[in-house]
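Q: Hi! I have a protein model open and I'd like to walk through it with you. Could you help me out?

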Amino acid sequence: MKNRLVYMDNGATTPVREEVLEAMLPFLQDQYGNPSSLHTQGREVRRAIDEAREKTACVLGADPAEIFFTSGGTESNNLALRGTARKQASAGHIITSGIEHHAVLEVCHDLENEGHRVTYLPVDRFGRIDPAAVEAAIAPDTFLISIMAANNEVGTLQPILEIGTLAREHGILFHTDAVQVVGQRPVNVNDLPIDYLSLSAHKFNGPKGVGALYKRKGVKITPLYRGGSQERKLRPGTENVPGIIGLGQALELAAAEIPYKMEYLTSLRDQLIEGLLKIEDVILNGHPQERLPGNINVSFKYIEGESILLSLDLQGIAASSGSACSSGSLEPSHVLSAIGLDQQTAHGSIRFSLGRYNNEADIEYVLEKITPIVEKLRQISPLHKTD
Amino acid sequence: MYNEKVVDHFSNPCNVGELTDADSIGESGSFKCGDTMKIFIKVEDGRIENIKFQTYGCGAAIASSSMLTEMVKGKTLDEAMHITNQNVADELGGLPPLKLHCSNLAADALHNAIADYRRRLEPDYTD
Ligand SMILES: Cc1ncc(COP(=O)(O)O)c(C=O)c1O
Ligand SMILES: [Zn+2]
């Protein structure tokens, strides 16, 4: 019983699929050529990278020349934001939200230090950004809007179609951090007025340390590094070949199962939410419907998240928390603060994030284990009054 | 992240709850991470005859509360006053550096309880 493992932290990372590993292995073994080399070994690897680029482009509805492989979501965000800011003749204005991933927020802080102005838009209690607020924030020198497609903590989907449309009407570039969405929900750049999009392979059962930036043709950015001519000089350096092959394979497989997986995970998600809300003094964080298929984020009142995580871990359940004590920085999550949670409610938050390997038995197991955990921790807590 | 001893005290904490006949109650809290704790002591002949705690906090906070109560049960008030946060962490076999401040709450709450007791019941006591 004790040995059961239930992994519900797919928002942090996902296991690599067997087929993905198999596709990668030759490139860690016999197919070692440098894709920039002229010889047969090099050309074979080049062909494989081209194929991965085509697969990635095909899933996104993009042209292969619009896909640039990077080391992950963090680098893609850095490349889009910094690369665009560096192209500006003079300092200007950027619009983003207060609930972006640190890989956007920290870059924005740097850009402020470099003389740009940044507006960090607030969100409502569900974590949604109001497109009208985006429009109101637009200044004559706004050159970039960066809004995530879905939030990694509370799972809220953002109205990127509306925001992108506004950006386009005003002639402003639009970037979206779609790391949590690509491979989970359909994303097609032909239907969306997006100029750049960040994705990361390890969120859709691909390997860690590899991602991509989609950059619409004609949009100009300055590379972060200088070096060789790889990735059309936008991202020089010998390619992470196994990673790129893994990304292409993982994305193709993930995209193929999206319709089925979305429905499946949404149903598991709603079962878990329903079960959790039956426990007294539990609140759902994020939007009830407009959320990632696999994201569940709740706060347990009167108890602290790290102690819940630890108790879950002792039962073989892997989840995550926005509590200060679990963050490594002793600061509560900026996202939970932004949706208006008081400190204590933020500290008691737990995120369960589902993936393709979860099933109904996992949901039942979690619900069976969480109830006594919450009860026990509340008995210890001075904040919880039992009478 | 935590060693076995910490996990054990966290999973099976000793002396949890309230003492309805407490002689003194001490509290402590961390502004930084929000952890809070409350300690109840029953004193007899200058010794801590019974002790209970309530803690809102992470694994480190709960484990150190439990460990502290075990360490001071039966001790004189003077002895208990000399137990430091570091003693508690050491007795637990060490805590992750970032978690030390969470464990500091336990001894602080106890010292507050003892100081309050003495202020009320020992006329010549000065802080
Ligand atoms: C929304 C979002 N953006 C960016 C990242 C960073 O991606 P990576 O880990 O590939 O650098 C993550 C992953 O944690 C994320 O959830
Ligand atoms: Zn703590």
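Q: Let's start with B:Glu122: is it buried, partly exposed or exposed?
A: Happy to help! This is a predicted model, and in it B:Glu122 counts as partly exposed because its relative accessibility is 26%.

Q: Where in the chain does B:Glu122 lie?
A: B:Glu122 lies in the segment after H5 of chain B.

Q: And which residues does B:Glu122 touch, not counting those up to four places away in sequence?
A: With those set aside, B:Glu122 touches B:Leu77 and B:Tyr117. Here is one distance to try in your viewer: the C-alpha atoms of B:Glu122 and B:Ile25 are separated by 16 Å, and these residues are 97 apart along the chain.

Q: Staying around there, what links B:Arg119 and B:Asp116?
A: Their side chains meet in a salt bridge, at 4.0 Å from N to O. Side chains of opposite charge can pair when their charged atoms come close.

Q: Why are B:Arg119 and B:Asp116 separated by about one helical turn?
A: Because they are three residues apart in helix H5 of chain B.

Q: Are those two buried or exposed, or something in between?
A: B:Arg119 counts as partly exposed, because its relative accessibility is 47%. B:Asp116 is partly exposed as well, with a relative accessible area of 25%.

Q: How many salt bridges does the structure hold over all chains?
A: There are 23 over all chains. One of them joins A:Asp195 to A:Arg216, with the closest N and O atoms 4.0 Å apart. That pair links distant parts of the chain, 21 residues apart: A:Asp195 is in the loop between strands S6 and S7 of chain A, while A:Arg216 is in the loop between strand S8 and helix H7 of chain A.

Q: Is A:Asp195 buried or exposed?
A: A:Asp195 counts as buried, because its relative accessibility is 8%.

Q: What about A:Lys369, which residue does it form a salt bridge with?
A: Its partner is A:Glu368, and the closest N and O atoms are 3.8 Å apart. A:Lys369 is buried, with a relative accessible area of 18%, whereas A:Glu368 counts as partly exposed at 47%.

Q: Which residues are linked in a network of salt bridges?
A: Look for A:Arg17, A:Glu19, A:Glu257 and A:Arg356, which are linked in such a network.

Q: New topic: how many residues of each chain are in contact between chain B and chain A?
A: On the chain B side 27 residues are in contact with 22 residues of chain A. The area buried between the two chains is about 1900 Å², and carbon and sulfur atoms give 67% of that.

Q: Which residues of chain B lose the most area to chain A?
A: Those are B:Phe10, B:Tyr56 and B:Leu98, which together make up 34% of what that side buries.

Q: What about salt bridges and polar contacts across there?
A: The count between chain B and chain A is one salt bridge. B:Lys99 forms it with A:Glu306, where the closest N and O atoms are 2.4 Å apart. Eight residue pairs are in polar contact across the interface.

Q: Which element gives the most to the side of chain B that touches chain A?
A: S3(B) does, with four residues.

Q: B:Phe10 came up earlier. Which residues are buried in H1(B)?
A: B:Phe10 is buried there, along with B:Val6, B:Val7, B:His9 and B:Ser11. The buried residues of H1(B) pack against helices H9 and H12 of chain A together with H2 of chain B. At the start of H1(B), a side-chain oxygen of B:Asn3 reaches to within 2.9 Å of the backbone nitrogen of B:Lys5.

Q: Over to A:Ser198, is that one buried or exposed?
A: A:Ser198 counts as buried, because its relative accessibility is 0%. A:Ser198 lies in strand S7 of chain A, and its side chain makes a polar contact with the side chain of A:His175 at 2.8 Å.

Q: Last one: which residues make the nonpolar surface patch of about 310 Å²?
A: That patch is made by A:Val16, A:Leu21, A:Leu25 and A:Leu28. A:Leu28 lies in the loop between helices H1 and H2 of chain A and counts as exposed, because its relative accessibility is 56%.

Key: Residues numbered from 1 in each chain as written. Chains lettered and ligands numbered in written order. Predicted model: local features only at pLDDT ≥ 70, side-chain atom pairs only at ≥ 80, totals over all residues. Heavy atoms only, no water. Patch = residues over 30% accessible without salt bridge, like charges linked within 9 Å, V, L, I, M, F, W, Y side chains within 5 Å. Areas by Shrake-Rupley, 256 points an atom, 1.4 Å probe, with all protein chains shown as cover. Helix = DSSP H or I, 4+ residues; strand = E, 2+ residues; numbered from the N terminus. Buried < 20%, exposed > 50% of the residue type's maximum accessible area, 1.4 Å probe, protein only. Contact = heavy atoms within 4.5 Å. Buried area = accessible area lost by both parts, 1.4 Å probe. Polar contact = N/O pair within 3.5 Å; in protein donor to acceptor, adjacent residues only side chain to side chain.
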